[in-house]
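Trainee: Hi, I've got a new structure to get to know. Can you walk me through it?

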Amino acid sequence: MRRLFWLGAGAAVGILVVAQMRKAAKAVTPAGLADRAGASADLAAERAGSFWSDVRSGMKEREAELRSALGIDADGDDADGFGT
């Protein structure tokens, strides 16, 4: 009974090792490398887009603060009505 247990445990470990080796072998094939490179490029583009969106949002907020502090309305006219 004890030997049967160890035989089963060895088979299970062997199956797991083979599965991991196949996964690792696929990762270093040209198709696997291309998939990883594509995923990395997509992630970088997403992060860059998010960064620039945050920058534009911050610029609009700051412009609104400055216009408010200087008394300039959204149309670009001064508070006295003469414009610049």
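Mentor: Sure, let's go through the helices first and then the side chains.

Mentor: One thing to keep in mind is that this is a predicted model.

Trainee: Okay. How many helices and strands are there in the protein?

Mentor: You'll find two helices and zero strands. Helix H1 covers residues 2–27, and helix H2 covers residues 30–70.

Trainee: What's the reach of H1 from its first C-alpha to its last?

Mentor: H1 reaches 38 Å with its 26 residues. That is close to the 38 Å expected at 1.5 Å a residue.

Trainee: And how about H2, what does its span come to?

Mentor: H2 has 41 residues and spans 59 Å between its first and last C-alpha, close to the expected 60 Å. After H2 comes Gly-71, with a positive phi near 75°.

Trainee: Back to H1 for a second. How many of its residues are buried?

Mentor: Zero out of 26, so H1 lies largely in the open.

Trainee: What share of the whole protein counts as buried, then?

Mentor: Just 1% of the 84 residues. The protein exposes about 7,500 Å², and carbon and sulfur atoms supply 64% of that area.

Trainee: Which residues make the nonpolar surface patch?

Mentor: Met-1, Leu-4 and Leu-7 make a patch of about 420 Å². Leu-4 belongs to helix H1.

Trainee: Why does Leu-4 count as exposed?

Mentor: Its relative accessible area is 57%, and exposed means over 50%.

Trainee: Let's stay in H1. Ala-27 is in there too, so what does Ala-27 touch?

Mentor: Leaving out residues up to four places away in sequence, Ala-27 touches Gly-32, Leu-33 and Arg-36. Ala-27 itself is partly exposed, at 23% relative accessibility.

Trainee: Hm, 23% sounds low to me. Why isn't Ala-27 called buried or exposed?

Mentor: Buried means under 20% and exposed means over 50%, with partly exposed in between. Ala-27, at 23%, therefore counts as partly exposed.

Trainee: Got it. New topic: how many salt bridges are there in the whole structure?

Mentor: A search of the whole structure turns up two. Arg-62 pairs with Glu-65, with their closest N and O atoms 3.1 Å apart. Glu-63 pairs with Arg-67, where the closest N and O atoms are 3.3 Å apart.

Trainee: How are Arg-62 and Glu-65 placed along helix H2?

Mentor: They sit three residues apart in H2, so about one helical turn separates them.

Trainee: And how many residues apart are Glu-63 and Arg-67?

Mentor: Four, and both lie in helix H2, so to speak about one turn of the helix apart.

Trainee: Are the residues of the Arg-62 and Glu-65 bridge buried, or what do they count as?

Mentor: Arg-62 is partly exposed at 46% relative accessibility, and Glu-65 is partly exposed with a relative accessible area of 45%.

Trainee: What about the other bridge, what are the values for Glu-63 and Arg-67?

Mentor: Glu-63 has a relative accessible area of 41% and is partly exposed. Arg-67 is partly exposed as well, with 27%.

Trainee: Now the rings. How many aromatic pairs are there?

Mentor: The count comes to two. Phe-5 and Trp-6 form an edge-to-face pair, 5.1 Å centre to centre with 70° between the planes. Phe-5 and Trp-6 are both exposed.

Trainee: And why is the pair of Phe-51 and Trp-52 edge-to-face?

Mentor: Their ring planes are at 70°, with the centres 5.0 Å apart, and planes over 60 degrees apart count as edge-to-face.

Trainee: Where do Phe-51 and Trp-52 fall, exposed or partly exposed?

Mentor: Phe-51 counts as partly exposed at 47% relative accessibility, and Trp-52 is partly exposed with a relative accessible area of 48%.

Methods:
Residues are numbered from 1 along each chain as its sequence is written. This is a predicted model: local features need pLDDT of at least 70, side-chain atom pairs count only at pLDDT 80 or more; totals for chains, interfaces and linings use all residues. Side-chain values use heavy atoms; hydrogens and water are left out. Patches are made of residues with over 30% relative accessible area and no salt bridge: like charges are joined within 9 Å, nonpolar side chains (Val, Leu, Ile, Met, Phe, Trp, Tyr) within 5 Å. Accessible areas come from the Shrake-Rupley method with a 1.4 Å probe; for residues, only the protein chains shown count as cover. A salt bridge is a side-chain nitrogen of Lys or Arg within 4 Å of a carboxyl oxygen of Asp or Glu. Buried means under 20% relative accessible area, exposed over 50%, partly exposed in between (1.4 Å probe, protein chains only). The expected span of a helix is 1.5 Å times one less than its number of residues. Rings of Phe, Tyr and Trp (its six-membered ring) pair if their centres lie within 6.5 Å; planes under 30 degrees apart count as stacked, over 60 as edge-to-face and the rest as tilted. Contact means heavy atoms within 4.5 Å.
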